[in-house]
Amino acid sequence: MRLVVIGGDAAGMSAASQARKRKGPDELEIVAFERGHYTSYSACGIPYWIGGAVTDRDALIARDPAAFAKAGIAVRLRHEVVAIDLDRREVIARDLDGGGEHREGFDELVYAAGAVPVTPDWARVDAGGVFGVQTLDDGEAIHAWLDEQPRPRRAVVIGGGYVGVEMAEAMVRRGLAVTLLEKAPQPMSTVDPDMGERVAEAIRGLGIEVRTDTHVQGLESAQGRVTAVVTPDGTLPADIVVLGLGVRPNTALAESSGIPLGVTGGLRTDLQMRVVGPRGHVDGVWAAGDCVQTVHRISGQPAHVPLGTHANKQGRVAGINIGGGYATFPGVIGTAVTKVCELEVARTGLTEKEATAAGFEFVTASVESTSRAGYYPGAGTMVVKLIAERRTGMLLGGQIVGREEAAKRIDSLAIAVWNRMTVEEMTALDLSYAPPFSPVWDPVLIAARKATDEVHASR
């Protein structure tokens with residue numbers, strides 16, 4: 001049998017590796033196509049490499065093609081799959097460097113093409129210095145521009161989500177003057193506005209100019225290089241422009257090949273990661289990673305949440321099943337974390353906006369506390385916000401914004417959300433305590449107590 005994998009990063013290579021663990025080369029031939037120059041790398045680490053916190057690009061690469069070859073997995077870099085023939089059970093791959101196309105037959109196919117950056121028409125300019133941040137190749141291009149261009153001094157980052165905020169900090173650390181543009185009322189729209197405002201304050205504290213409620217109208221260029229960003233409030237000079245406008249599932253190839261998409265634009269799968277269409281399973285076709293539509297466990301709604309954590313898990317599930325084992329992927333709750341200078345930002349479950357859209361009535365509770373006992377040196381402050389269903393008290397979501405040692409507390413909230421705990425049940429959680437690590441009442445427990453009071457008052 002032959003397994004063909006489209007996409008050589010987290011999801012695709014996890015699937016290939018898990019299938020190989022269960023079936024040797026004499027049972028299963030595995031060929032993976034990757035249009036870029038690298039396999040199995042950490043895209044999340046790119047801003048930290050550009051900003052200098054990570055000094056070696058290769059540190060972001062978990063496994064290269066040579067390592068896969070030793071395991072009996074053939075990787076064809078710089079090969080882009082341009083067509084899938086489901087009837088003939090073949091893919092058509094184009095050699096991006098050498099030219100030419102060839103067909104590769106398959107018995108099983110893993111579609112793990114990831115996501116592509118959202119790129120409005122105004123960003124499609126024939127000028128250097130305009131970058132998305134999606135692949136390690138993108139990171140290399142940004143690094144080269146900053147290193148090789150004559151004295152880049154001004155950066156404009158468009159989009160205030162995770163990537164935009166992290167890249168804005170990276171540009172500051174590279175010595176550039178930075179302006180961050182966001183069309184929403186505050187950056188980090190993945191958290192509620194009251195928490196997002198705290199993030200905006202931290203960004204401004206880095207010396208970054210933050211402009212919210214701002215729509216970009218276009219880019220200006222001269223001599224083949226970007227020179228400015230045009231907004232209704234004026235034109236901003238720029239030596240480099242970074243696009244952080246989000247991503248969408250990279251499913252154009254699948255759709256053109258007759259593979260159906262879900263309502264989010266991602267591929268629909270069952271729990272085992274087999275692709276599902278209107279008439280049932282698409283025979284022998286699996287999907288995983290940022291190109292996939294999944295289910296939010298709390299809202300019950302279809303969701304597209306492109307994170308490396310999900311991609312690795314989904315790829316693992318697909319590979320186990322292809323290899324003859326059994327595994328399932330039960331959905332997501334949207335747990336994510338990032339860092340802006342010394343400020344840590346985390347979220348899980350539903351925000352207020354998402355809870356309202358899902359049809360929940362809810363109460364909220366926010367508390368400010370410290371990461372350690374107040375008398376212990378180095379204690380930092382944090383705000384913990386909980387969203388609980390009115391009447392039942394089930395935890396719907398949580399957010400944390402704070403200093404060092406704040407954000408990873410989101411994991412205890414994620415476990416509570418995942419298991420549909422009530423905030424009252426959470427007040428009795430047996431969390432660890434010692435002055436260097438926590439107050440005697442951990443901030444999570446204090447927030448749960450306050451949320452419990454709000455729930456009781458709403459009954």
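What is the volume of the second largest pocket?

**View 1. The second largest pocket and the residues that line it.** In this predicted model, the second largest pocket has a volume of about 210 Å³. Its lining is made up of 14 residues, and those closest to the centre of the pocket are Thr 269, Asp 270, Gln 293, Thr 294 and Val 295. Strand S21, which covers residues 292-295, gives the most to this lining, contributing four residues. Sorted by character, the lining residues of the second largest pocket comprise seven that are nonpolar, five that are polar and two that are charged.

**View 2. A nonpolar patch on the surface that includes Tyr 376.** The patch is formed by Tyr 375, Tyr 376, Tyr 433, Val 440 and Trp 441, which together have about 570 Å² of accessible area. Within this group, Tyr 376 is found in the loop that runs between strand S25 (362-370) and strand S26 (381-389). Tyr 376 counts as partly exposed because its relative accessibility is 33%, a value that falls between the limits of 20% for buried and 50% for exposed.

**View 3. Glu 29 in strand S2 and its separation from Ile 73.** Glu 29 belongs to strand S2, which spans residues 29-34. With a relative accessible area of 35%, Glu 29 is partly exposed. Although Glu 29 and Ile 73 stand 44 residues apart along the chain, a distance of 7.5 Å separates their C-alpha atoms in the model.

How values were computed: Residues numbered from 1 in each chain as written. Predicted model: local features only at pLDDT ≥ 70, side-chain atom pairs only at ≥ 80, totals over all residues. Heavy atoms only, no water. 1 Å grid on protein atoms, 1.4 Å probe; cavity = no way out; pocket = protein on both sides within 12 Å on 5 of 7 lines; lining within 4 Å. Points joined across faces, edges and corners; volume = space filled by probe spheres on them. Helix = DSSP H or I, 4+ residues; strand = E, 2+ residues; numbered from the N terminus. Nonpolar A, V, L, I, M, F, W, Y, C, P; charged D, E, K, R; others polar. Patch = residues over 30% accessible without salt bridge, like charges linked within 9 Å, V, L, I, M, F, W, Y side chains within 5 Å. Areas by Shrake-Rupley, 256 points an atom, 1.4 Å probe, with all protein chains shown as cover. Salt bridge = Lys/Arg side-chain N within 4 Å of Asp/Glu carboxyl O. Buried < 20%, exposed > 50% of the residue type's maximum accessible area, 1.4 Å probe, protein only.
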